[in-house]
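Work through the exercises below with the sequence and the 3D view at hand. Each task is followed by a solution in steps.

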Amino acid sequence: MATYDTILVETRGAVGLVTLNRPKALNALSDRLMAELGQALDVYESDDAIGAIVVTGSEKAFAAGADIKEVAGFGFMEVYKADFITSRWERLARCRKPTIAAVAGYALGGGCELAMMADFILAADTAQFALPELTIGTIPGAGGTQRLTRLVGKSKAMEMVLSARRMDAVEAERAGLVSRVVPAADLVDEAIRVAQRIAAFSGPVAMMAKEAVNAAYETTLAEGVRFERRLAHSTFAIEDQKEGMAAFAEKRQPVWKNR
């Protein structure tokens, strides 16, 4: 694994752990950080020994938003021609392997948007989520208006975007933004534990399951069920399906081959 300036990387068994590491800037999402995050995700995606990926920050901040000092002077043609956000920020959303965002402290603006790009969010009891872009004269641009609305519904998303109100961890779980809330001291260990459980399954089958759930965002129920059915059918051409069902019948643990 390469060395980085703005993130830390660690492998724990079959889990890749990426920690955002700009403590003096509360992990503000600079262009360099997003480039390095993308590089680390590329490495983990190409590593057959990795079955799941966790992205986290510090106890104080997952990420307090985009690096405003870096982007404040940009003009329209600069951001348009550079394909700002699209060219760097979407890598987490494009991961085929299962991903978890482990969020403690502030997840504001781009930090909240980045967390929502993961497959699901585990939140510390200290987590705070917000999309405060209106306070600096712009709007969420990394999927915030779209993903938050799909997760928590129009009314709550509209309130958060228009008022810049912060949502605490308890409300975030109740609203469906996060999957669970855990004590801050246990957050990373719990995220790793869940990721290790996911990584212990057949990799190709886990990716298919992820694709099927994601399809529910983009399609009608009928088309989503059709897509799910075809993926379920296709698992019967996978060696791991044969092994999994044989192991069940023989009352033993399966030995996955990831093919």
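**Exercise 1.** State what percentage of the residues of the chain count as buried.

*Solution.* The model is a predicted one. A residue counts as buried when its relative accessible area is under 20%. By this cut-off, 42% of the 259 residues are buried. The area that the chain exposes is about 13,700 Å², and 56% of this comes from carbon and sulfur atoms.

**Exercise 2.** Decide whether the radius of gyration of the chain agrees or disagrees with that of a compact globule.

*Solution.* Begin with the expected value: for 259 residues, a compact globule would have a radius of gyration near 18 Å. Next, take the value for the chain, which is 19 Å. The two agree. For the extent in each direction, the C-alpha trace spans about 60 × 45 × 40 Å along its principal axes.

**Exercise 3.** Find which residues of β2 lie on each of its faces, and state whether they are buried or exposed.

*Solution.* Strand β2 covers residues 15-20. One side holds V15, L17 and T19. The other side holds G16, V18 and L20. The residues on both sides are all buried, which gives 6 of 6 for the strand.

**Exercise 4.** Describe how β2 pairs with β1 and with β3.

*Solution.* Take β1 to start with, residues 7-12: this strand runs antiparallel to β2, and 6 bridges join them. One pair to locate is E10, whose bridge partner in β2 is L17. The two strands form a hairpin with 2 residues between them. In the turn, G13 has a positive phi of about 65°.

Now take β3, residues 52-56. This strand and β2 pair in the parallel sense, over 5 bridges. Here V15 stands opposite A52.

**Exercise 5.** Give the strand order of the open sheet of 4 strands, and identify its edge strands.

*Solution.* The order is β4-β6-β8-β9, and the pairing is mixed. An edge strand pairs on one side only; this applies to β4 (61-63) and β9 (167-168). To check the end at β9, look at β8, residues 128-130: β8 and β9 pair in the antiparallel sense over 2 bridges. In this pair, F129 stands opposite M167.

**Exercise 6.** Count the positive and negative side chains, and state how far apart the centres of the two sets lie.

*Solution.* There are 31 positive and 33 negative side chains. The centre of the positive set and the centre of the negative set lie 3 Å apart.

Technical notes
Residues numbered from 1 in each chain as written. Predicted model: local features only at pLDDT ≥ 70, side-chain atom pairs only at ≥ 80, totals over all residues. Heavy atoms only, no water. Rg over C-alpha atoms; globule rule 2.2 N^0.38 Å. Buried < 20%, exposed > 50% of the residue type's maximum accessible area, 1.4 Å probe, protein only. Areas by Shrake-Rupley, 256 points an atom, 1.4 Å probe, with all protein chains shown as cover. Lys, Arg positive; Asp, Glu negative; His and termini not counted. Charge placed at Lys NZ, Arg CZ, Asp CG, Glu CD. Pairing = 2+ DSSP bridges.
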